[in-house]
Amino acid sequence: MIYFLLLGSYILTSYILLKHPNILHKKKNLMFRAKHISHRGGAAERIENTMEAFRNAKAVGTDMLELDCQLTKDGHVVVSHDDNLSRICNSQLCISETEYQHLPLLKEKVKVDFYQKMFGEGKDHRIPLLEDVFREFPDLAINIDIKVNNDILMKKVDEMIRRYNREELTAWGNRSDEICQKLFKLNPKVPLIFSLRQVTLLLIFYWTGLLPFINLKESLLEIIVPGIMLDSQELIDMPLSRKAKFVFWIMDKLLIRPSLIKHLDDRGIQTYLWVLNREKDFDRAFKAGATGVMSDRIVLLRKYLDSKISTTQANFHEIKQD
């Protein structure tokens, strides 16, 4: 009987703290709250990770730029998702083995990774420096994926963040837990993104009822929506077996939980779902309670958000008149 009482007490306490986490945890207070996030600057609208893409994203009205950084052979921090340049340039060079001045130009158009029917095109074919981005967009939140486990790269990025007074306007991380641990140790003031290991632990804690009792150093949960893989041929041009589709379906059901997202939000931890490029995916993400959506199709996302604001305002006006 005592075991049932203890179990019942644990379940009740866990449930109360899941709904009211600030009883136990101080709410994080981030300087930004991003709904509209431009993946690689909006890879379907301009060539990814270029200054032209970032300028266009700002003009569209994005809340946050998402970008990736690498380190050149001569120690320059550049904005690029890939080290090997075969996908984005007509070259087999690697950024890590090439001096900045010898980096090749980007292709005339680059295929969008998460929407195979589209290409990013534009006039800017230069791989930019991260410092160029910091200098031109001092007031815009920037989300940085540190692509490689390189201490020099991490230190240089941290130095730039401090020099441009961006500790509260920059988020950083990587799927690698080792990189994330190093970043947090280097500068705990910069909002940290969950690593893949920490996402896995988060799910274990959530489904066992332990999450409300656990302290979390991370401030941003950025997760792919597994369900979009069910439309893999349209989005990522990768045919999946029925078994693989079932696995992604299960992962989707376990991960995209409104009660989990709400609990994190109550603790000041923002949830960004990526990479979503269709209106139906935007709709599902925000209905699940996501803080923001990361998209390549930033014009479509802007129109979606504006339409929701217009609908809300119209409904409010009708209620007020009644």
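## Loops, helices and pockets

Valine 275 is found in the loop between β9 (270–274) and α10. Helices (H or I, at least four residues) and strands (E, at least two) are DSSP runs, numbered from the N terminus. The structure is a predicted model, in which local features need pLDDT of at least 70 and side-chain atom pairs count only at pLDDT 80 or more, while totals for chains, interfaces and linings use all residues. Residues are numbered from 1 along each chain as its sequence is written, and side-chain values use heavy atoms, with hydrogens and water left out.

### Backbone

The peptide bond that leads from tryptophan 274 into valine 275 is cis, and its omega is near -25°. Two asparagines have a positive phi, which is noted here for residues other than glycine: asparagine 49, near 55°, and asparagine 165, also near 55°. Glycine 289, which follows α10, has a positive phi as well, near 100°.

The table gives the location and accessibility of the two asparagines and of three other residues. Buried means under 20% relative accessible area, exposed over 50%, and partly exposed in between (1.4 Å probe, protein chains only).

| Residue | Location | Relative accessible area |
|---|---|---|
| Asparagine 49 | loop between β1 (36–39) and α2 (51–60) | 3%, buried |
| Asparagine 165 | loop between α4 (151–163) and β7 (170–173) | 67%, exposed |
| Leucine 202 | helix α6 | 2%, buried |
| Threonine 291 | loop between α10 (279–287) and β10 (292–295) | 5%, buried |
| Glycine 292 | strand β10 | 0%, buried |

### Helix α10 and the residues after it

Within α10, the buried residues are Asp281, Phe282, Ala285 and Phe286. They cover an arc of only 125° around the axis (the arc is that of the directions from the helix axis to the C-beta atoms), which puts them on the same side of α10. Lys280 and Lys287 are exposed on the other side.

Threonine 291 is in contact (heavy atoms within 4.5 Å) with Arg33, Ala34, Lys35, Asp265, Gln270, Thr271, Tyr272 and Phe286, leaving aside neighbours within four places in sequence. For glycine 292, not counting residues up to four places away in sequence, the residues touched are Ala34, Lys35, Ile37, Thr271, Tyr272, Leu273 and Phe286. Phe286, one of the buried residues of α10, is thus listed for threonine 291 and for glycine 292. From glycine 292 to phenylalanine 282 the separation is 10 residues in sequence and 9.1 Å in space, C-alpha to C-alpha.

### Helices α1 and α6

Helix α1 (residues 2–19) has 18 residues, and its first and last C-alpha atoms lie 26 Å apart, close to the 26 Å expected at 1.5 Å a residue. The expected span is 1.5 Å times one less than the number of residues. Ser14, Leu17 and Leu18 are buried in α1. Seen down the axis, the buried residues of α1 fall within an arc of 105°, so they line one face of the helix. The face turned away from that buried side carries Ile2, Phe4 and Leu12, which are exposed. Among the elements that cover the buried residues of α1 are α6 and α9 (258–266).

In α6, leucine 202 touches Phe194, Leu211, Leu216, Leu221, Leu260 and Leu264, not counting residues up to four places away in sequence. Leucine 202 and alanine 290 lie 88 residues apart in sequence and 16 Å apart in space, C-alpha to C-alpha.

### Pockets

A pocket is defined on a 1 Å grid over the protein atoms alone as an open set of points where a 1.4 Å probe fits, with protein on both sides within 12 Å along at least five of seven lines; lining residues have an atom within 4 Å of a point. Grid points are joined across faces, edges and corners, and a volume is the space filled by probe spheres set on the points.

The largest pocket holds about 960 Å³ of space. It is lined by 36 residues, of which Arg175, Glu222, Ile223, Ile224 and Trp274 are the closest to its centre. Two or more lining residues come from each of β2 (64–71), β6 (141–146), α6 (196–208), β8 (220–224) and α8 (242–255). The lining of the largest pocket divides into 20 nonpolar, eight polar and eight charged residues. Ala, Val, Leu, Ile, Met, Phe, Trp, Tyr, Cys and Pro count as nonpolar, Asp, Glu, Lys and Arg as charged, and the others, Gly among them, as polar.

The second largest pocket holds about 200 Å³. Of its 14 lining residues, Leu30, Pro188, Lys189, Pro191 and Ser219 are the closest to its centre. Seven nonpolar, two polar and five charged residues make up the lining of the second largest pocket.
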